[in-house]
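Trainee: Could you walk me through the charged pairs in this one?
Mentor: Happy to, let's pull it up.

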Amino acid sequence: MKFEGNHILSVSQFDRESISRILEISTLMAPYAMRKKRCHVLDGAILSNLFFEPSTRTRVSFGTAFNLLGGFVRETVGQENSSLSKGESLFDTARVISGYSDVIAMRHPTMHSVADFAKGSSVPVINGGDGANEHPTQALLDLFTIQSEMARYDMGLDGLNIVLMGDLKHGRTVHSLSKLISLYNNIKVTMIAPTALQMPDSVVSTLTDAGHEVVITDKIEGNLACDVIYQTRIQQERFASKDEADLYRGHFSLNRKIYQQYCHEHTVIMHPLPRDSRAEANELDIDLNDLDNLAIFRQAQNGVLVRMALFALSLGVESRLSHYEKPV
Ligand code: CP
């Protein structure tokens with residue numbers, strides 16, 4: 001895949017070779033992200049960071065990643081603070097903002113809206129989450145995290161036994177991650193969710209059509225002996241009402257006792273965050289916080305590396321990183 005000048009809208013764009021390239025460049029970003037080296041390869045470039053739906057990690061890590069490469073960040077947060085609220089179209093917004101920017105990152109609550117926006121943009125657009133559809137940069141940082149966590153146990157991305165758990169219907173991160181891992185070999189995916197919140201058939205088919213084993217269940221017991229558990233939040237914002245979301249909260253809470261009872265010693269726990277820590281949800285109990293295999297904060301940190309790599313690749317500067325280093 002050619003990265004330079006192209007949008008990043010869906011994980012379906014990637015093959016194994018392009019993913020390897022992204023993960024390789026992400027690894028090269030570590031010294032800059034850890035402030036051991038400084039790099040100004042994007043000196044003077046401008047990112048427009050448009051977040052029309054709430055975000056903490058994705059928005060701030062996009063901005064941090066761009067700053068760490070030497071660029072400037074301009075932000076719009078919330079539809080109510082943009083002229084979308086006055087009836088302006090996504091196309092017109094894109095035509096205007098792309099005239100001010102070298103690259104645009106965008107999150108929007110409507111499925112496929114980022115792709116619609118990209119049609120009006122003259123610069124690369126990166127999807128930071130479009131409704132319940134996809135979250136491609138999250139899936140890439142998840143894959144980077146799985147690769148680095150599994151390396152501690154001499155395992156790679158092939159042959160993985162992974163559990164996806166929670167709100168699999170609305171969770172865009174598990175949709176994107178399922179599509180990405182379908183590219184690897186001999187994967188087993190166990191999908192644990194209430195029947196009404198199970199994974200869309202189209203995503204399940206991506207895995208089964210590629211020859212992988214998929215188990216669909218609403219039971220935790222006997223299904224957590226795996227390499228990676230990827231827990232998710234009940235996505236209340238995608239339900240008709242809070243009352244409807246409440247019906248499903250707390251069904252698949254994971255805590256230290258359940259981990260010790262059902263998981264392998266090496267089972268790594270991931271979650272895209274935010275985790276809902278309220279007592280009625282408590283999807284990842286704080287008693288897991290000192291578990292070495294709880295990877296959630298390393299996972300969030302990896303978002304900076306992967307987003308730095310995506311900016312460098314989209315803007316075609318990845319081979320020039322070391323030439324633009326400056327003393328710390
Ligand atoms: N993982 C994730 O998308 O987090 P935010 O909603 O905080 O960006």
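Mentor: Below we go through some salt bridges and where their partners sit.
Mentor: This is a predicted model, where local features need pLDDT of at least 70, side-chain atom pairs count only at pLDDT 80 or more, and totals for chains, interfaces and linings use all residues. Residues are numbered from 1 along each chain as its sequence is written, and side-chain values use heavy atoms, leaving out hydrogens and water.

Trainee: How many salt bridges does the structure hold?
Mentor: There are 19, a salt bridge being a side-chain nitrogen of Lys or Arg within 4 Å of a carboxyl oxygen of Asp or Glu.

Trainee: Which residue does R21 pair with?
Mentor: R21 pairs with E318, with the closest N and O atoms 3.7 Å apart. R21 is in helix α1 (residues 16–28) and E318 in the loop between α11 (296–314) and β11 (325–326), so the bridge ties together parts 297 residues apart in sequence. Helices (H or I, at least four residues) and strands (E, at least two) are DSSP runs, numbered from the N terminus.

Trainee: And what about D290, what does it bridge to?
Mentor: D290 bridges to R256, the closest N and O atoms being 2.4 Å apart. D290 sits in the loop between β10 and α11, and R256 in helix α10 (residues 256–262), 34 residues apart.

Trainee: Is D290 buried or exposed?
Mentor: D290 is exposed at 64% relative accessibility, while R256 is partly exposed at 22%. Buried means under 20% relative accessible area, exposed over 50%, and partly exposed in between (1.4 Å probe, protein chains only).

Trainee: Which residues are linked in a network of salt bridges?
Mentor: K242, D246, R249, D276 and R278.
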